Amino acid sequence: MGLVPGMPHIEFLRIRGYRGYLAYITQEHTAKAEADNAEQEANGGAPGSGVANKHYHKDLGWDDGDDVAVIVLEVGYLLIPLVVQSQVCEE
């Protein structure tokens with residue numbers, strides 16, 4: 001997009017620099033977290049325990065949720081035979 005004549009080249013460069021900075025910070029954070037987990041495993045601790053465990057999320061199953069909410073479907077008078085099988089008219 002930045003190669004098209006008339007486009008704001010400075011803004012594209014600014015956005016590109018910002019995204020590059022975010023990618024660098026994310027990569028550094030991931031590398032640090034992996035190094036911390038490797039260090040804890042080497043010291044005999046369970047992976048993901050201690051301070052690094054603050055972002056641990058448990059996998060959820062069907063039994064972990066609340067009760068299911070009731071869904072109501074309102075249909076017009078002439079559409080009732082399409083919804084309720086006992087009121088289907090035979091032709």
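**Exercise 1. Place Val84 and classify its exposure.**

Val84 sits in the segment that follows α2 (80–83). This is a predicted model, where local features need pLDDT of at least 70, side-chain atom pairs count only at pLDDT 80 or more, and totals for chains, interfaces and linings use all residues. Residues are numbered from 1 along each chain as its sequence is written, and side-chain values use heavy atoms, with hydrogens and water left out.

Step 1. Set the classes: buried is under 20% relative accessible area, exposed is over 50%, partly exposed is in between (1.4 Å probe, protein chains only).
Step 2. Val84 has 33% relative accessibility, so Val84 is partly exposed.

**Exercise 2. Which residues form a nonpolar patch with Val84?**

Step 1. Patches take residues with over 30% relative accessible area and no salt bridge; nonpolar side chains (Val, Leu, Ile, Met, Phe, Trp, Tyr) are joined within 5 Å, like charges within 9 Å.
Step 2. Val84 is joined by Leu73, Val75, Leu79, Leu82 and Val83.
Step 3. Together the patch residues have about 550 Å² of accessible area (Shrake-Rupley method, 1.4 Å probe; for residues, only the protein chains shown count as cover).

**Exercise 3. Find the salt bridge and describe its setting.**

Step 1. Apply the criterion: a side-chain nitrogen of Lys or Arg within 4 Å of a carboxyl oxygen of Asp or Glu.
Step 2. The structure holds one such bridge. Arg14 pairs with Glu11, and their closest N and O atoms are 3.3 Å apart.
Step 3. Both residues lie in helix α1 (residues 9–42), three residues apart, about one turn of the helix.
Step 4. Arg14 is exposed at 53% relative accessible area. Glu11 is partly exposed at 35%.

Notes
Helices (H or I, at least four residues) and strands (E, at least two) are DSSP runs, numbered from the N terminus.
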